[in-house]
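Here's a quick briefing to read alongside the model. Have the sequence and the coordinates open and follow along topic by topic.

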Amino acid sequence: MKNLEKIGRDAVEKRNFELVDVEFVKEAGHWYLRYYIDKEGGITIDDCQLVSEDISRQLDITDPIPYSYILEVSSPGIERPLKNDRDFSKAVGSMVEIKTYEPFENKKIFSGILKDFSEGIVTIEDKKVFKIPKDSISSAKMKFE
């Protein structure tokens, strides 16, 4: 997977885009290699096409996957995932949904305003304020209001 991430990162960074996520999943009997990209102001279909061509070229050269798959390059969408510290920092002040591995104060799903992110602690206001260690979070994403 690291090699697939590097191929995507190389393709997006030369255009000053951001690689949001990479997933390689099997759905309905077919393998899908998906790259989610973004940039300030949003990604266009043309942006996706350019990055797809670059990635496809690199995948043909390195051939890291020994079986057939479908390559997709797209925007992460309005409810983009929050994967790293930078994503959490950029989302401060926005509506988010956070799921934890284990119940935290008797809850596993939090939906509210991301108040702060610092020193590995996510502060979210969901009726009351919760301080959740980032290591306890199984998934997080922007939430469309």
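In the hairpin that pairs S1 with S2, Glu23 sits across from Arg34 in S2. Bear in mind that this is a predicted model. The pairing of S1 and S2 is antiparallel and counts nine bridges, and the notes below build outwards from there.

**The three-stranded sheet**

- Lys26 is another S1–S2 match-up, standing opposite Trp31 in S2.
- The wider sheet is an open one with three strands in the order S1-S2-S3, and its pairing is mixed.
- S1 and strand S3 (70-74) sit at the edges with a single partner strand each, so each has one side without a neighbour in the sheet.
- Going from one strand to the next, the twist averages 15°.
- On the other flank of S2, the pairing with S3 is parallel and has five bridges.
- Within that parallel pair, Tyr32 faces Ile70 in S3.
- How much of S2 is buried? Seven of its nine residues are, so the strand is largely enclosed by the rest of the structure.

**Helices on that sheet**

- Nine bridges tie S1 to S2, and H1 packs on the sheet they belong to, touching both S1 and S2.
- The direction of H1 makes about 140° with that of S1.
- Helix H2 (residues 45-62) also packs on the sheet, but its contacts are with S2 and S3.
- The direction of H2 makes about 145° with that of S3.

**Two positive-phi residues**

- Ala28 belongs to the loop between S1 and strand S2 (30-38).
- The hairpin of S1 and S2 has two residues between the strands, and Ala28 takes a positive phi near 50° there.
- Is Ala28 buried or exposed? Its relative accessible area is 83%, so Ala28 counts as exposed.
- Asn16 is not a glycine either, yet its phi is positive at about 60°.
- You'll find Asn16 in the loop between helix H1 (2-13) and strand S1 (18-27).
- Asn16 is exposed as well, with a relative accessible area of 69%.

**The five-stranded sheet**

- This open sheet runs in the order S7-S6-S5-S4-S8, with antiparallel pairing.
- Strand S7 (128-133) and S8 are the edge strands; each has a single partner strand, so one side of each is left without a neighbour in the sheet.
- Ignoring direction, neighbouring strands here are turned by 40° against each other on average.
- Strand S6 (residues 121-126) pairs with S7 in the antiparallel sense, over six bridges.
- One pair to look at is Glu125, which stands opposite Val129 in S7.

**Lys134, between the two edge strands**

- Lys134 sits in the loop between S7 and S8.
- At 24% relative accessible area, Lys134 is partly exposed; the buried class would need a value under 20%.
- Which residues does Lys134 touch, leaving aside its neighbours within four places in sequence? The contacts are Lys83, Asn84, Asp85, Phe88, Phe117 and Gly120.
- Ser118 is 16 residues from Lys134 in sequence, with a C-alpha to C-alpha separation of 9.7 Å.

**The largest pocket**

- The volume of the largest pocket is about 350 Å³.
- Its lining has 18 residues, and those closest to the centre are Glu18, Asp38, Lys39, Arg80 and Lys90.
- Helix H3 (residues 85-90) gives the largest share of this lining, with three residues.
- Sorted by class, the lining has eight charged, five polar and five nonpolar residues.

**The second largest pocket**

- The second largest pocket holds about 250 Å³ of space.
- Fifteen residues line the second largest pocket, and Pro81, Leu82, Ser138, Ser139 and Ala140 lie nearest its centre.
- Strand S4 (95-104) and strand S8 (137-142) are the elements that give two or more residues to this lining.
- S8 makes the largest contribution to the lining of the second largest pocket, five residues.
- The class split for the second largest pocket is seven charged, six nonpolar and two polar.

Definitions and conventions
Residues numbered from 1 in each chain as written. Predicted model: local features only at pLDDT ≥ 70, side-chain atom pairs only at ≥ 80, totals over all residues. Heavy atoms only, no water. 1 Å grid on protein atoms, 1.4 Å probe; cavity = no way out; pocket = protein on both sides within 12 Å on 5 of 7 lines; lining within 4 Å. Points joined across faces, edges and corners; volume = space filled by probe spheres on them. Helix = DSSP H or I, 4+ residues; strand = E, 2+ residues; numbered from the N terminus. Nonpolar A, V, L, I, M, F, W, Y, C, P; charged D, E, K, R; others polar. Pairing = 2+ DSSP bridges. Axes fitted to C-alpha atoms, helices over the stretch in contact; angles between N-to-C directions. Buried < 20%, exposed > 50% of the residue type's maximum accessible area, 1.4 Å probe, protein only. Contact = heavy atoms within 4.5 Å.
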